[in-house]
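Reader: I am new to this one. Could you walk me through the words used to describe it?

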Amino acid sequence: MKLQDKIAIVTGSASGIGKEIATTYAREGAKVVIADLMQPAAEATAAGLRASGAQAMAVAMDVTNEDQVNAGVAEVVKAWGGVDVLVSNAGVQIVHPLEEFTLAEWKKMLAIHLDGAFLTTRACLPHMYKSGRGGSIIFMGSVHSHEASVLKAPYVTAKHGLLGLAKTIAKEGAKHNVRANVICPGFVRTPLVEKQIPEQAKELGISEDDVVKKVMLKDTVDGEFTTVQDVAEVALLFASFPSNALTGQSLVVSHGWFMQ
């Protein structure tokens, strides 16, 4: 039980990667918070975890809403007494050439990925500092935290920004034994990625099969998608690592698409 009785908030965890991380944490003994905009799905996920014997609760959280973030974290602290792990995972994708992005779309993308990471971290850090136990902040980056792809200007910008935020938190949090790291997956075949396949086919004028083989998986070593389980294992590593030896880092899990 690598996370026995650790209190872990996972945003965007009613489905996809976040749900798999929450499930993995619960299996390792954590008390898991399903923090999601989609409250019925979050409640269902938490109920499923409780049915398997885990401790889980759901909180409504739009990560771009300061009041909702603060209230959600306060609810967790009231119920369980603190926060040990934050996984800032909530995210969306919008695909256009840069000149076709509206300012509203640009701001939406940066708000969810960057403002969300900032607001949730700011709400959790005081509790990690106060507890004396330290903690782990984990951002969901991307291979796009390290390199660019066409049609994704705000996404690439936001994911690059998470690296700088994590490094700053690592330096500020060290004296409190708080670590901060970034997971950088390749393409994971979640509903978010499924939605991109026809969108990119239309924008690039190629078939959906070619989007998968010649765009998404072109630079992998084996032509395989990263899985939600792959990402969850890295999230478990970052959450359970015992010292500040592993902080301010990013770990790419992408079947070799990007090699550091």
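Author: Happily; the talk below covers a helix pair, some cysteines and two backbone angles, all in a predicted model.

Reader: Why are helix 4 and helix 5 called roughly parallel?

Author: Helix 4 (residues 103-131) and helix 5 (residues 153-173) pack at an angle of about 15°, and their axes are 8 Å apart. Angles under 35 degrees count as roughly parallel, so the two helices earn that description. Helix 4 also passes helix 5 in a right-handed crossing.

Reader: What makes the contact of helix 4 with helix 5, by class?

Author: The contact has 14 nonpolar, five polar and two charged residues. Helix 4 contributes residues including W106, L110 and F118, while helix 5 brings, among others, Y155, L162 and I169.

Reader: How do you know that C124 is buried?

Author: Buried means under 20% relative accessible area. C124 has 1%, so C124 is buried. C184, with 0%, is buried too. As for disulfides, a pair of cysteine sulfur atoms must be within 2.5 Å, and by this rule the count is zero.

Reader: What is noteworthy about phi of D5?

Author: Phi of D5 is near 65°, a positive value in a residue other than glycine. Most residues other than glycine have a negative phi. D5 lies in the segment before strand 1 (7-11). L151, in the loop between strand 5 (135-140) and helix 5, has a positive phi as well, near 75°.

Reader: Why is D5 called partly exposed, and L151 buried?

Author: Partly exposed covers the range between under 20% and over 50%. D5 has 43%, so D5 is partly exposed. L151 is at 11%, and therefore counts as buried.

Terms used. Residues are numbered from 1 along each chain as its sequence is written. This is a predicted model: local features need pLDDT of at least 70, side-chain atom pairs count only at pLDDT 80 or more; totals for chains, interfaces and linings use all residues. Side-chain values use heavy atoms; hydrogens and water are left out. Axes are lines fitted to C-alpha atoms, for helices over the stretch in contact, and angles run from 0 to 180 degrees between N-to-C directions. Helices (H or I, at least four residues) and strands (E, at least two) are DSSP runs, numbered from the N terminus. Angles under 35 degrees count as roughly parallel, over 145 as roughly antiparallel, 65 to 115 as roughly perpendicular and the rest as oblique. A crossing is left-handed if the near helix is turned anticlockwise from the far one by less than a right angle, and right-handed if clockwise. Contact means heavy atoms within 4.5 Å. Ala, Val, Leu, Ile, Met, Phe, Trp, Tyr, Cys and Pro count as nonpolar, Asp, Glu, Lys and Arg as charged, and the others, Gly among them, as polar. Buried means under 20% relative accessible area, exposed over 50%, partly exposed in between (1.4 Å probe, protein chains only).
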